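Trainee: Got a minute to go through this model with me? I'd like to take it piece by piece.

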Amino acid sequence: MTNNARDFEELHREIDHAGLLLYYDQNRPDEDPEGLARVVDEVFDQYGATAIENEVVDLDEWYDWLHD
C-alpha cells in the first residue's frame, strides 16, 4: 500500500506482484486513518489476497464508495 501511486503504476506494468493498493489523496491517512484501514479490509473481504495479484486497486475509489 502506498501513496506514491505514480511510481508504482509504472512498476505494475513491469513486474509481477502480489497486488498494489494505491491512494492518491495525500491527506487521507492524516484525516481518516481508520476509514482508510476499513477500505483495505473491505478490499480483502470482497476479493481475498490472491484475487488482487498483479492488479492495481484504487483505494480512493473504494473510500468514496464506502463513505458516500
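Trainee: Is His-12 buried, partly exposed or exposed, and what's its relative accessibility?

Mentor: His-12 counts as partly exposed, because its relative accessibility is 25%. Keep in mind that this is a predicted model.

Trainee: Which helix is His-12 in?

Mentor: His-12 sits in helix α1.

Trainee: And what is His-12 in contact with, leaving aside neighbours within four places in sequence?

Mentor: With that restriction, His-12 contacts His-17, Leu-20, Asn-54, Glu-55 and Val-56. Take Val-56: 44 residues separate it from His-12 in sequence, yet the two C-alpha atoms are 7.5 Å apart.

Trainee: Asn-54 was on that list of contacts. Where does Asn-54 lie?

Mentor: Asn-54 is in the loop between α3 and β2, the latter being 56-58. Its phi is near 60°, a positive value in a residue other than glycine. Asn-54 has 28% relative accessibility, so it counts as partly exposed.

Trainee: Back to α1. Where is Phe-8, and which residues form a nonpolar patch with it?

Mentor: Phe-8 is in helix α1, which covers residues 5-14. Its partners in the surface patch are Leu-11 and Ile-15, and the three together have about 240 Å² of accessible area.

Trainee: How does Phe-8 count at 30% relative accessibility, buried, partly exposed or exposed?

Mentor: Partly exposed, because buried means under 20% and exposed means over 50%. Phe-8 has 30% relative accessibility and falls in between.

Trainee: Changing topic. How many salt bridges does a search of the whole structure find?

Mentor: The search finds 2. In one of them Asp-25 pairs with Arg-28, with the closest N and O atoms 3.7 Å apart. Arg-28 also forms a salt bridge with Asp-60, at 3.2 Å from N to O.

Trainee: What does the Arg-28 and Asp-60 pair tie together?

Mentor: Arg-28 belongs to helix α2 (residues 28-31) and Asp-60 to helix α4, so the salt bridge ties together parts that are 32 residues apart in sequence. Through shared partners, Asp-25, Arg-28 and Asp-60 are joined into one network.

Trainee: Are Arg-28 and Asp-60 buried or exposed?

Mentor: Both Arg-28 and Asp-60 are buried. For Arg-28 the relative accessibility is 10%. Asp-25 is partly exposed, because its relative accessible area is 25%.

Trainee: What about the loop between β1 and α2, where does Tyr-24 come in?

Mentor: Tyr-24 is in that loop. Beyond its neighbours within four places in sequence, Tyr-24 contacts Ala-5, Arg-6, Glu-9, Asp-58 and Asp-60. Asp-60 is also the salt-bridge partner of Arg-28.

Trainee: How far apart are Tyr-24 and Ala-5?

Mentor: They are 19 residues apart in sequence, and their C-alpha atoms are 6.4 Å apart in space. Tyr-24 counts as partly exposed, with 28% relative accessibility.

Trainee: And where does Gln-26 lie?

Mentor: Gln-26 lies in the loop between β1 (20-22) and α2. It is partly exposed, at 42% relative accessible area. Gln-26 and Thr-2 are 24 residues apart in sequence, with 10.0 Å between their C-alpha atoms.

Trainee: Last topic, helix packing. How is a pair of packed helices described?

Mentor: By the angle between the two axes and the distance between those axes.

Trainee: Then what are the values for α3 and α4?

Mentor: Helix α3 (residues 33-47) and helix α4 (residues 59-67) have axes that come within 9 Å and cross at roughly 95°. The two helices are therefore roughly perpendicular to each other.

Trainee: Which residues make that contact?

Mentor: From α3, the contributors are Gly-35, Leu-36, Arg-38, Val-39, Val-40, Glu-42, Val-43, Gln-46 and Tyr-47. From α4, they are Leu-59, Trp-62, Tyr-63, Trp-65, Leu-66 and His-67.

Trainee: What about Ala-37, where is its place?

Mentor: Ala-37 is in helix α3. At 39% relative accessibility, Ala-37 counts as partly exposed. Its C-alpha is 10.0 Å from that of Leu-59, with the two residues 22 apart in sequence.

Methods:
Residues numbered from 1 in each chain as written. Predicted model: local features only at pLDDT ≥ 70, side-chain atom pairs only at ≥ 80, totals over all residues. Heavy atoms only, no water. Patch = residues over 30% accessible without salt bridge, like charges linked within 9 Å, V, L, I, M, F, W, Y side chains within 5 Å. Areas by Shrake-Rupley, 256 points an atom, 1.4 Å probe, with all protein chains shown as cover. Salt bridge = Lys/Arg side-chain N within 4 Å of Asp/Glu carboxyl O. Helix = DSSP H or I, 4+ residues; strand = E, 2+ residues; numbered from the N terminus. Buried < 20%, exposed > 50% of the residue type's maximum accessible area, 1.4 Å probe, protein only. Axes fitted to C-alpha atoms, helices over the stretch in contact; angles between N-to-C directions. Parallel < 35°, antiparallel > 145°, perpendicular 65-115°, else oblique. Contact = heavy atoms within 4.5 Å.
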